Structure formats: structure tokens, C-alpha cells
Amino acid sequence: MSQSEPQIATGCSRCRDLPSLPFEFTMAFQPIVDIEKREVFAYEALVRGTQGEGAFQILQKVTDDNRYQFDQSCRTKAIELAAKLGMTTFLSINFLPNAVYEPKSCIRATLAAADKYDFPCNRIIFEVNESEPVGDPGHLEGIFEEYNAQGFTTAIDDFGAGHAGLNLLADFQPGIIKLDMALIRHIDTNRIRQSIVQGVVNTCRELGVEVIAEGVETAGELTTLRSMGVRLIQGYLLAKPEVEALPEVDYGAL
């Protein structure tokens with residue numbers, strides 16, 4: 001399947017006459033589960049190769065020259081597959097803030113894809129990875145403001161693993177933060193991690209920000225997070241990603 005982008009009428013020259021990507025990719029999906037309601041809250045779209053390659057192998061092919069095309073292609077591919085699979089939950093898509101040159105213009109292909117595949121914008125979450133350096137924090141804030149205005153939900157991914165930490169949360173409040181798996185690992189036996197995560201959870205509760213714990217792999221980690229008031233869980237304990245499919249959740253693990 002071609003990864004070429006829809007042509008977008010805009011004043012930004014980066015959005016016109018885009019060449020096709022020199023590589024192909026697809027998406028795997030991993031559920032984010034509401035453990036209190038025992039239902040899927042969202043599925044995160046994760047980049048995979050069409051021949052089974054992992055995300056790292058695909059991301060190595062992303063360059064400054066094709067970053068915009070790749071970012072736009074990921075959005076379109078995720079929405080297309082979500083609609084094809086009959087997804088009725090939120091769809092969570094990672095985006096590259098350094099590939100968004102002008103938020104109002106760069107969102108047009110996403111809006112076009114949502115319209116084409118009849119996928120509601122208010123069921124799309126855009127995640128930005130905290131570990132990706134952004135030279136101008138105001139630029140990221142502008143992206144979030146525009147996405148919120150368009151009806152999307154915004155999220156900070158891998159929170160606690162990047163260079164900004166709480167400063168990023170202080171500058172602007174997304175709808176969701178996703179706690180990095182390094183904070184979650186062995187949290188049931190590590191009091192320092194427990195204190196840090198509980199502090200973040202309490203802060204987010206006061207700010208009205210949802211918290212997702214990612215990378216949950218053991219029953220002990222799940223039990224500890226539940227006791228802290230974290231209800232949105234993602235990880236191998238409940239389900240692994242599946243390529244172009246919506247995996248079954250192991251509710252027995254709850």
C-alpha cells in the first residue's frame with residue numbers, strides 16, 4: 001500500500017508536492033484498559049514494518065528530509081486502520097512536534113483522513129514523547145492549543161523519562177500523561193518509585209489530568225498502581241500489540 005500523502009492546499013511549501021516515502025510501514029495496536037470499568041479506553045497505534053520489523057528499524061529510516069511525510073503518514077495510516085477494524089474507543093497516535101511547522105496547516109491531512117474514514121476527531125488522542133527535544137516550548141504549546149480547539153485530546157508520553165519533566169506539565173496541561181515504564185518497573189517493591197508516582201498522580205488529580213501507567217507487566221505492579229488511584233493501564237500483563245488487529249485483553253489478570 002502506498003504511503004503517499006494527500007495533497008493539501010496551504011501556504012506552507014512543505015505541504016505541497018510531497019514525494020512518497022522511500023519505505024513502507026503499518027501499525028500495531030495495543031489497548032489501554034480502564035481497570036475499574038473493565039473495558040478498553042483506547043488503543044495506541046504503534047509503528048511496525050510490513051515485513052514484521054519493529055518500530056526501531058522503521059524509525060531509523062526517518063530523516064530530516066522525510067520527517068514531515070512520515071508524521072503525516074502515521075496519522076493517516078492509524079486512522080484508516082482504526083476505522084477498518086471498527087474501533088469504537090479512543091485512538092492514540094504519536095506525533096513528532098518537530099515535524100509540525102504550523103499547527104493549523106499541518107493538521108489538515110489529519111482532519112481530511114478523519115472525514116474520509118468517518119472517524120470522530122473527539123476520539124483521537126495525540127501523544128508527544130517527552131524525551132524528544134523541542135527547541136521552542138511555545139511551539140509545542142501552540143500545537144496542543146490548536147489540537148484541543150479541533151476536538152482532539154492531547155497527551156504527554158513517557159512522562160518522567162525526558163529532559164523536561166514537571167516543567168513540561170507546569171507550562172501547559174494536556175488531557176493525559178503517560179507514566180514512563182521505567183517508573184512503573186518494580187514499583188510494588190520500590191518505595192522511591194512509589195513516592196514519585198504518587199506525587200505525580202496527586203498533582204494530575206488536582207489539575208484534572210488523566211494518568212495512564214504504561215509498561216505494566218506484573219500483578220504486583222498493577223495492584224500497587226490501583227492502590228494509588230491509577231485506573232488506566234497499558235502493558236504486556238493485559239495485552240501485547242498486534243499488527244493490524246485489536247488484541248484481546250486478559251481481564252483475568254485484573
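Ala-45 has Ile-93 as its bridge partner in strand 3. The model in which this contact appears is a predicted one. The two strands concerned are strand 2, residues 39-48, and strand 3, residues 90-95, which pair in the parallel sense over 4 bridges.

From strand 3 the pairing continues to strand 4, residues 124-129, again in the parallel sense and over 5 bridges. Here Leu-91 has Ile-124 of strand 4 as its bridge partner. Strand 4 in turn runs parallel to strand 5, and 5 bridges join them. Across this pairing, Phe-126 stands opposite Thr-154 of strand 5. Strand 5 also pairs with strand 6, residues 176-179, in the parallel sense over 3 bridges. In that pairing Ile-156 stands opposite Ile-177 of strand 6. As to burial, 7 of the 7 residues of strand 5 are buried, so this strand is largely enclosed by the rest of the structure.

Asn-129 belongs to strand 4. With a relative accessibility of 23%, Asn-129 counts as partly exposed, because the buried class is reserved for values under 20%. Asn-129 and Phe-95 are 34 residues apart along the chain, and their C-alpha atoms are separated by 7.8 Å.

Phe-95 leads to the aromatic residues. Together with Phe-126, Phe-144, Tyr-147 and Phe-152, Phe-95 forms one aromatic cluster. Across the whole structure, a search finds 9 aromatic pairs. In one of them, the rings of Tyr-147 and Phe-152 have centres 6.0 Å apart and planes at 70°, so the pair is edge-to-face; the cut-off for that class is an angle over 60 degrees. Tyr-147 and Phe-152 are both buried. Another ring has a charge as its neighbour: the charged end of Arg-123 sits over the ring of Phe-119, 4.6 Å from the ring centre.

The helices come next. Helix 2 covers residues 67-84, which makes 18 residues, and spans 26 Å from its first C-alpha to its last, close to the 26 Å expected at 1.5 Å a residue. Of these 18 residues 15 are buried, so helix 2 is largely enclosed by the rest of the structure. Just after helix 2, Gly-86 takes a positive phi of about 70°.

Helix 4, residues 108-116, contains Ala-114. Ala-114 has a relative accessibility of 4% and therefore counts as buried. The C-alpha atoms of Ala-114 and Arg-75 are separated by 9.5 Å, while the two residues are 39 apart along the chain.

The remaining topic is the space left between these elements. Rolling a probe the size of a water molecule over the atoms shows where empty space is left. The largest pocket holds about 830 Å³ of space. Its lining comprises 34 residues, of which Glu-44, Leu-46, Leu-59, Asn-94 and Asp-157 are the closest to the pocket centre. Several elements each supply at least two lining residues: strand 1 (26-34), strand 2, helix 1 (55-59), helix 2, strand 3, strand 4 and strand 5 (153-159). Strand 2 gives the largest share of the lining, with 5 residues. The pocket thus returns the reader to strand 2, the strand that pairs with strand 3 in the parallel sense.

Methods: Residues are numbered from 1 along each chain as its sequence is written. This is a predicted model: local features need pLDDT of at least 70, side-chain atom pairs count only at pLDDT 80 or more; totals for chains, interfaces and linings use all residues. Side-chain values use heavy atoms; hydrogens and water are left out. Rings of Phe, Tyr and Trp (its six-membered ring) pair if their centres lie within 6.5 Å; planes under 30 degrees apart count as stacked, over 60 as edge-to-face and the rest as tilted. Buried means under 20% relative accessible area, exposed over 50%, partly exposed in between (1.4 Å probe, protein chains only). A charge sits over a ring if NZ of Lys or CZ of Arg is within 6 Å of the ring centre and within 35 degrees of the ring normal. The expected span of a helix is 1.5 Å times one less than its number of residues. Two strands pair if DSSP finds at least two bridges between them. On a 1 Å grid over the protein atoms alone, a cavity is a set of points where a 1.4 Å probe fits but cannot get out, and a pocket is an open set with protein on both sides within 12 Å along at least five of seven lines; lining residues have an atom within 4 Å of a point. Grid points are joined across faces, edges and corners, and a volume is the space filled by probe spheres set on the points.
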